[in-house]
Amino acid sequence: MSHPILSEFDIVFAGGGTTACVVAGRLATYDPSLRILILEAGQHSLNKPIHVQPSQSRLNLAPTSTTVTFNIGNPSPRLNGRAPIVACGRCVGGGSCVNSMVYTRAPASDYDDWGANGWESENLIPLMKKLETYEVQPDCPTHGYDGPIKISPGGYNIGISGEFIQVGTTYHKRQYADDTDDLETCNTYSKYINGTTGKRSDAAHHYVYNQAHNPNLQVWDEKRVKRIIFEDKRAVGVEFTSDPVSCPDADQSSSIVRASKLVVISAGTFGSPGILERSGIGAEAVLKRCGIEQLVNLPGVGENYQDHTNGYAPYLAADQAATMDAVSRGESILRDSPAHWNSSGKLSIVQSGLNSKIKWRPDGEELKAMDPAFKPRWKEFFQDRPDKAVAMFAPLANYVSPPSKPLLNDPAGGYMTANYFTLYPVSVGSVHIKVTENGKEGVDFTTGFLDDPSDIATLDFVYKKTREIFRRMASYRGEVAAGHPDFPEGSAAACGEASGPVDLNAPDIVYTAEDDKAISQFHRDIVQTAWHSIGTCSMKPEADKGVVDTRLNVYGVSNLKVADLSITPSNVGTNTYSTALIIGERAAIIIAEDLGINCV
C-alpha cells in the first residue's frame, strides 16, 4: 500500500519530548542548515499557562488531561490486585512541560555504573554544567551558570520547608547542605523555575521554541508515529498519522516523511519500544502475537522497565501555616492573578509546593530497625557506596493523596503532605504492544512494583521516619487519618487530629507487628509511580538484552538511533528530568560527530 510522501528532512525525530527537544535544538544551533523535523503526538506547549505557570502543573494529571498519556498497568497481586497507572508527558517538551519542577541530580557514580563507553561521569559533568544556569548559589564547581535551563528555588518561600529542615537537623540528626546535587553528597537536608520570571524552565521553550527564526527546525504536533520505514534495514523515513487523541475527527490515513541522514526515536520509555515493535524490531513472541513480521530479533525491546516507587501521607497544618492549598483550589486567583504573575514572577503561583528534601541513607540504628528483608540489598548495593541514597523524602505544602486512595475533593483548610520514594528499587517490569479484544493496539505493561520484598521494606520504614519528622514540625496538627494506614483499634500508632506538635525529644511511636502489617497493606494499596520511568530500550550489549549501543544505534539496523530515558540501563537516584537533559546533550554531540558537524 503506497502512502503520500510529504517532504524530506535530514533528521526526523519520532517523538517530541524532553530529550528530542534538547537534541534537535542543539543540532540546529550547531548547523542551522540541517533540515530537522520533530513529530509529536501531543499538542504545542508554547506559552500555555498549564505548561509555564508552576502552580498549574497538577492540572496536567487531571483525569481528563490530554497533556499526558495514562498508561494502565497489568493488575498485580503485590499491589493487592490493583492495576497501577503511570502517566508520561504528551506534548511538545514532554515531561519537562508537565512535571513538578523538582530538579535534582544523580550521584556521578550512577553514570559510571552504566558501564557505557563515553557515558562516564567525567564525560557527562561538562554537559551537566553546559545545560544549567544555577541560580541557587555562585561558584559551585559542578554547576553551570550560562545554560538554557534555569535552576532556582523560585521567588516565594514556604515556611513548612524550613520546619522540615529544622526538625531534620535536630531530631533526625542529619546535617544541612546548601547543595545536595553536587553529584556526591547525600544524607543531608537541603532546599530545592526561573527565579527571575517565575516560569517553568523546560526543554521545549529553551531549546526549540527559542529558535523560531530557523525555518529548517520544524515541529509537527498532533502526529502519531506508527513505524519506521526501512530499505534493506536502513532507516529512511517515518510513517505517521494524525493523532486520534489530539485530533479525534481528523483523517487517520498514513503519510510518510523521509529522512536523508538519520531517524531518531525519542518517544520515551513507553513510546519508543512501541515504535520499534511496530517496525518489526523486538522479541519474536511479542511480534508474532501482534501479527507483525520480524525485521530484527531484539528481545530486549520493552524489557528492563524501571521507576521509583512512590508514597504520600497527608497531614493537617496549623491555620496560620502558609500552604499551596488555596492556590490549588483556585481561591487565590484574584490575589495572585496571572497578569500580576507575568509582571513580578514572585507570587505563590510560581511554586509547586516543594522546597526542601533529603536524600536519605539509614544510619546504624535505623538499619537495625528496618525489616530484615532489606539487609541483603543493603550489603549488596548500598553499604560500600556512601554516595547512593536509599530514598528521597520531602514535605509538600499542600494536600496530596494517591490516586488509588482518593480521600476528599479539594478539602478546605491547610495541609502538608509527606512525599517519599525509593531510589534504587530492585523490582523491574516491561512495556510491550499488544492487540486488544476489539482488535486495536494496546499496551501490555507490567510495572513490577513491590515484586521484590526489599522494596516494600524501605517504604514501610520511611513512612515511620517521615511521620516522626512531621509530628515534630511546628505546623503539625495531626494526620488526615483516611490517608494513612488503617491501624488496629487502640494502637499507639492510631492517626487523628492534634493540638500541636510533639516535643523534639518525645519518644518515637512504638509499632506492633499488627501495626507493621497495616503499613505494608497501606503501601500495597497506595504505592504508585514517581513518574520516573526508564530503561525499556537499554544501552547495553546486545547479548545482555540491550537495544542500543553506546552511540545510541539500534542493533541490527542502520541510520536509526534512540535518544530518551528509555536507553538508561540502570536506575538513577534522582528526579529523572535532569538525566533526560543529560542524555539529550550527549546524544546531540554523538549525532554531530557522526555527521561531521562541529559542536564545540
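Let me start with a word we will need: a residue is buried when its relative accessible area is under 20%. Keep that in mind as we walk through this model, which is a predicted one.

Our opening stop is helix 7, residues 268-278, and it is mostly covered. Of its 11 residues, 10 are buried. Here they are by name: Gly268, Thr269, Phe270, Ser272, Pro273, Gly274, Ile275, Leu276, Glu277 and Arg278. Just past the end of helix 7 you can find glycine 280, whose phi is positive, at about 90°.

Now back towards the start of the chain, to glycine 15. You will find glycine 15 in the loop that links strand 1 (5-14) with helix 1 (18-30). Is glycine 15 buried or exposed? Its relative accessibility is 8%, and the cut-off is 20%, so glycine 15 counts as buried. What does glycine 15 touch, once we set aside neighbours within four places in sequence? The answer is Ala20, Ile38, Leu39, Glu40, Ser266 and Ala267. Leucine 37 is worth finding too: 22 residues separate it from glycine 15 in sequence, and the two C-alpha atoms are 9.9 Å apart in space.

Next, a pair of helices. Please find helix 4, residues 121-131, and helix 15, residues 577-595. Their axes come within 9 Å and cross at roughly 110°. That angle falls in the range from 65 to 115 degrees, so helix 4 and helix 15 are roughly perpendicular to each other. Which residues make the contact? From helix 4 come Leu124, Leu127, Met128, Lys130 and Leu131, and from helix 15 come Leu581, Ile582, Glu585, Arg586 and Ile589. Sorted by kind, the residues of this contact are 7 nonpolar and 3 charged, with no polar ones. As you look at those numbers, it helps to remember that an α-helix has 3.6 residues a turn, so residues three or four places apart point the same way.

Let's move on to some strands. Strand 18 (residues 430-435) and strand 19 (residues 441-446) run antiparallel, joined by 6 bridges. In this pairing, isoleucine 433 sits opposite valine 443 of strand 19. The two strands form a hairpin, with 5 residues between them. In the turn, glycine 439 has a positive phi of about 85°.

If you follow the chain on from strand 19, you come to leucine 450, in the loop that leads to helix 13 (453-470). Leucine 450 is not a glycine, yet its phi is positive, about 65°. Leucine 450 is also buried, with a relative accessible area of 1%.

Asparagine 304 is another residue with a positive phi of about 65° although it is not a glycine. Where is asparagine 304? Look in the loop between strand 13 (296-297) and strand 14 (309-317). With a relative accessibility of 16%, asparagine 304 counts as buried.

Asparagine 304 also takes us to our last stop, threonine 568, which touches it. Leaving out residues up to four places away in sequence, the other contacts of threonine 568 are Trp114, Ile534, Gly535, Ser538 and Ile583. Threonine 568 belongs to the loop between strand 22 (560-562) and helix 15. Its relative accessible area is 0%, so threonine 568 is buried. A polar atom of the threonine 568 side chain lies 3.0 Å from the backbone oxygen of leucine 565.

That is the tour. Thanks for listening!

Key
Residues numbered from 1 in each chain as written. Predicted model: local features only at pLDDT ≥ 70, side-chain atom pairs only at ≥ 80, totals over all residues. Heavy atoms only, no water. Axes fitted to C-alpha atoms, helices over the stretch in contact; angles between N-to-C directions. Helix = DSSP H or I, 4+ residues; strand = E, 2+ residues; numbered from the N terminus. Parallel < 35°, antiparallel > 145°, perpendicular 65-115°, else oblique. Contact = heavy atoms within 4.5 Å. Nonpolar A, V, L, I, M, F, W, Y, C, P; charged D, E, K, R; others polar. Buried < 20%, exposed > 50% of the residue type's maximum accessible area, 1.4 Å probe, protein only. Pairing = 2+ DSSP bridges. Polar contact = N/O pair within 3.5 Å; in protein donor to acceptor, adjacent residues only side chain to side chain.
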